[in-house]
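Hello,

Please find below the structure I said I would pass on. My notes on it follow.

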Amino acid sequence: MTKIPVVLFVAAFLLHSLDSGACTGITLVARDGSRIVARTSEWGGSVLNSVYVVSPRGHVFTSFTPDGVNGLKYTAKYGYVGISVGEPEMMVDGMNEAGLAAGLFFFPGYGKYESYDSAEASSTLADMQFVSWVLANFSTIDEMESALCNVRIVSLDERIGTVHWRIAEPGGRQVVLEIIDGQPMIYENKLGVLTNSPGFEWQMTNLNNYVNLYAGSAPSSKLNEDVVLKQFGAGAGMLGIPGDVTPPSRFVRAAFYQATAPQYATGHETAMLGFQILSNFNIPIGVEHKPEEIPEGLPSATQWTVAADQSSLEYYYRTAWNSSIRCIDLKNVDFAKVKYQSAPLDKVKEEPVEYLKIR
């Protein structure tokens, strides 16, 4: 692998890094104990041409650095599947055979990595390869946290901005990792929601501004003997929930939609519920652009949505071009023998339509 594809990938991201990246993540638990971590991935600047990746045990990785492919080298302890952009190693989201899930969320304007030092290249890990490193090496958050002191996370180009990460165990523990002034900060995510900027602690504090929201109908309110206010329709208890697509507003909506979701019996049913909830976070392509700046060939800024069942080890996805839900069952993959491979999420970028025969 040469440095050229990486440079081109970085340049593409620079064009829209602050305006076009958005992600929304939720967590759901079924009655049988199955845990589902689900999320969207938005990029309104261009078609990402994302691919799914299957990575075996024993695969040898070398991280990119601003100098080339000369960074941290390691051998995968665990096999995993997931979705990457630009290069197969640049995983945005995935799950390994131990059920550990990890995802990257853009974090523009906040956080700060260490500066790249070529003398430390052998311990340098590109931020866009952090998810691969986690999935290939660890089965628990504690293991990941212990190993963080041995790596230096950097950007391939500081103009791109930063990201933060969600890491979730199948047993229920979930954390958010943000790098502030070069120092990794780990926050316990007991809510299970994540979006983008500002930081996770601010987002959690901001939820207190919506303490008045609740599920269901609102009671009537009597102003005087002659004037009684009544709701216009169902769901008035959520009146005032923010509806725009900014990260703080999406965080609030995700928290309340997740909290008020019914609990289904199985992981499969709950994964499908995750897709239904996240449909509310699809960003129409025209929202982020002036009319003359809308990119061609991109039907939605939400380019794909995934749901990982950490109990059954099933990884589901759908895309902006094909709303059919597809699944990779990790239990059916022999990670000791399978070859490292990647393939486009969609063989054909066209929504399938079933024409009904009426007689």
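To begin with burial: 53% of the 359 residues of the protein count as buried. Please keep in mind that this is a predicted model.

Overall form

The protein is built from 6 helices and 20 strands. Its radius of gyration is 21 Å, which agrees with the value near 21 Å that a compact globule of 359 residues would have. Along the principal axes, the C-alpha trace spans about 80 × 60 × 50 Å. Of the contacts between residues at least 6 apart in sequence, 68% join residues at least 24 apart.

Surface and charge

The accessible surface amounts to about 16,600 Å², and carbon and sulfur atoms account for 53% of that. As for charge, there are 27 positive and 38 negative side chains. The centres of these two sets lie 6 Å apart.

Helix 2 and the loop after it

How many of the 8 residues of helix 2 are buried? The count is 8 of 8, so the helix is largely enclosed by the rest of the structure. The buried residues include Phe130, Trp133 and Leu135, and also the polar Ser132 and Asn137.

Phe138 sits in the loop between helix 2 (130-137) and helix 3 (141-147). Phe138 has a relative accessible area of 8%, and because the cut-off for buried is 20%, it falls on the buried side. Leaving out neighbours within four places in sequence, Phe138 is in contact with Tyr78, Asn96, Leu100, Trp133, Glu143, Met144 and Ala147. Of these, Trp133 is also one of the buried residues of helix 2. The C-alpha atom of Phe138 is separated by 9.2 Å from that of Ala76, a residue 62 places away along the chain.

Helix 3

Is Ser146, in helix 3, buried or exposed? Ser146 is exposed, with a relative accessible area of 53%. Its C-alpha atom and that of Pro170 are 19 Å apart, with the two positions 24 residues apart along the chain.

The loop between strands 9 and 10

Phe107 belongs to the loop that joins strand 9 (101-106) and strand 10 (124-126). What is its relative accessibility? The figure for Phe107 is 1%, so this residue counts as buried. Its contacts, not counting residues up to four places away in sequence, are Thr162, Val163, His164, Glu178, Asn196, Ser197, Pro198 and Gly199. On the other side of the sequence, Cys23 is 84 residues from Phe107 along the chain, and their C-alpha atoms are separated by 9.7 Å.

Helix 5

Ser249 lies in helix 5, which covers residues 247-259. With a relative accessible area of 8%, Ser249 is buried. Which residues does Ser249 touch, not counting those up to four places away in sequence? They are Pro242 and Asp244. With Asp244 there is also a polar contact between the two side chains, at 2.8 Å.

To put the two serines side by side: Ser249 is buried at 8%, whereas Ser146 is exposed at 53%. The two phenylalanines, Phe138 and Phe107, are both found in loops and both count as buried.

Regards

Conventions. Residues are numbered from 1 along each chain as its sequence is written. This is a predicted model: local features need pLDDT of at least 70, side-chain atom pairs count only at pLDDT 80 or more; totals for chains, interfaces and linings use all residues. Side-chain values use heavy atoms; hydrogens and water are left out. Helices (H or I, at least four residues) and strands (E, at least two) are DSSP runs, numbered from the N terminus. The radius of gyration is taken over C-alpha atoms; the globule rule is 2.2 Å times the number of residues to the power 0.38. Buried means under 20% relative accessible area, exposed over 50%, partly exposed in between (1.4 Å probe, protein chains only). Contact means heavy atoms within 4.5 Å. Accessible areas come from the Shrake-Rupley method with a 1.4 Å probe; for residues, only the protein chains shown count as cover. Lys and Arg count as positive and Asp and Glu as negative; His and the chain ends are not counted. The place of a charge is taken as NZ of Lys, CZ of Arg, CG of Asp or CD of Glu. A polar contact is a pair of N or O atoms within 3.5 Å; within protein, one must be able to donate a hydrogen and the other to accept it, and residues adjacent in sequence count only if both atoms are side-chain atoms.
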